[in-house]
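Reader: Please take one part of this model and go through it closely. I would like the strand pairing first, and then the packing around it.

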Amino acid sequence: MNQNAFIKVGKTTFYDFVARHDDQRFEYEDGRIVQQMTGGTRKHGRLALRFYDQLRSSLDRDRFEILLDRGVETATTVRYPDVVVESAAGSDTSLATLQPILIVEVLSPSSTARDLDRKPAEYTGIATLEAYIVASQDEAACLLWLRQPDARFAAGPTEISGENAAIGIPQLNLAIPLAELYRGIDLSARKD
């Protein structure tokens, strides 16, 4: 049992705890340290790396930093998405960003409810965020929360599906083809 989930702590204590337990994965939710699943399927890792590769090849690396498992801090949480894009001008010693520009999560059975129910409200409340992407492991499909021209996010996500589709983020002059993300990934093999 993760006793830490029952004790309320501050973010400084959370970061100290994480530094002492770097072989495990934790997030911070509403004052509590919550243990997360480590590892994941090969498919999950491949999709996260494909997003990373697409973003690194498409975005200006003098302006943007693209990182795997980078902490994202909100008022009440510290999350570790699969891929984070932030300004290249950020601090190299910070343990998490307060100013993400793009966040990508690859769905896992253990994270689906959190990624689709809690995190959209948390992430879309961040003033610097332009887009939040949640990618399926079971089909060539993603959900996209995109900041609109009026500076707000739509009430719900847009589904982008099919290998001929692309995730468009005009604010970053970015189009990510699903065919590149899902190339060679067996979508018929589901994990029970």
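Author: Two strands count as paired here if DSSP finds at least two bridges between them. The model is predicted. By that criterion, strand β1, residues 25–29, pairs with strand β2, residues 32–36, in the antiparallel sense, over five bridges. Arg 25 of β1 has Gln 36 opposite it in β2. The two strands form a hairpin with two residues between them, and there Asp 30 takes a positive phi near 50°.

β1 has a second partner. It also pairs with strand β5, residues 77–79, again in the antiparallel sense, here over two bridges. In this pairing Tyr 28 stands opposite Val 78 of β5. As for exposure, β1 is mostly covered, with four of its five residues buried.

Val 78 also gives a reference point for the segment before α1 (11–20), where Gly 10 lies. Gly 10 and Val 78 are 68 residues apart along the chain, and their C-alpha atoms are separated by 11 Å. The relative accessible area of Gly 10 is 35%. Buried requires a value under 20% and exposed one over 50%, so a residue in between is called partly exposed. Gly 10 is therefore partly exposed.

Next come the aromatic side chains. Five aromatic pairs are found in a search of the whole structure. One of them joins Phe 17 and Phe 26, with 4.9 Å centre to centre and 80° between the planes, an edge-to-face arrangement. Phe 17 and Phe 26 are both buried. Tyr 28, the residue opposite Val 78, belongs to one aromatic cluster together with Phe 14 and Tyr 15.

Last, the nonpolar packing of the model. The largest nonpolar core has 32 residues, and the members that touch the most others are Phe 51, Leu 55, Leu 102, Ile 133, Ile 167 and Ile 169. Helix α2, residues 42–58, supplies the largest share of this core, five residues. Another core, of 11 residues, lies apart from it; Val 72, Leu 107, Tyr 123 and Trp 145 are among its members.

Ile 133 can be followed further. With its neighbours within four places in sequence left aside, Ile 133 is in contact with Phe 51, Leu 102, Ile 103, Val 104, Glu 105, Cys 142, Leu 143, Leu 144, Ile 167 and Ile 169.

Terms used: Residues numbered from 1 in each chain as written. Predicted model: local features only at pLDDT ≥ 70, side-chain atom pairs only at ≥ 80, totals over all residues. Heavy atoms only, no water. Buried < 20%, exposed > 50% of the residue type's maximum accessible area, 1.4 Å probe, protein only. Core = buried A, V, L, I, M, F, W, Y, C linked by side-chain atoms within 4.5 Å. Contact = heavy atoms within 4.5 Å. Phe/Tyr/Trp six-rings, centres within 6.5 Å; stacked < 30°, edge-to-face > 60°.
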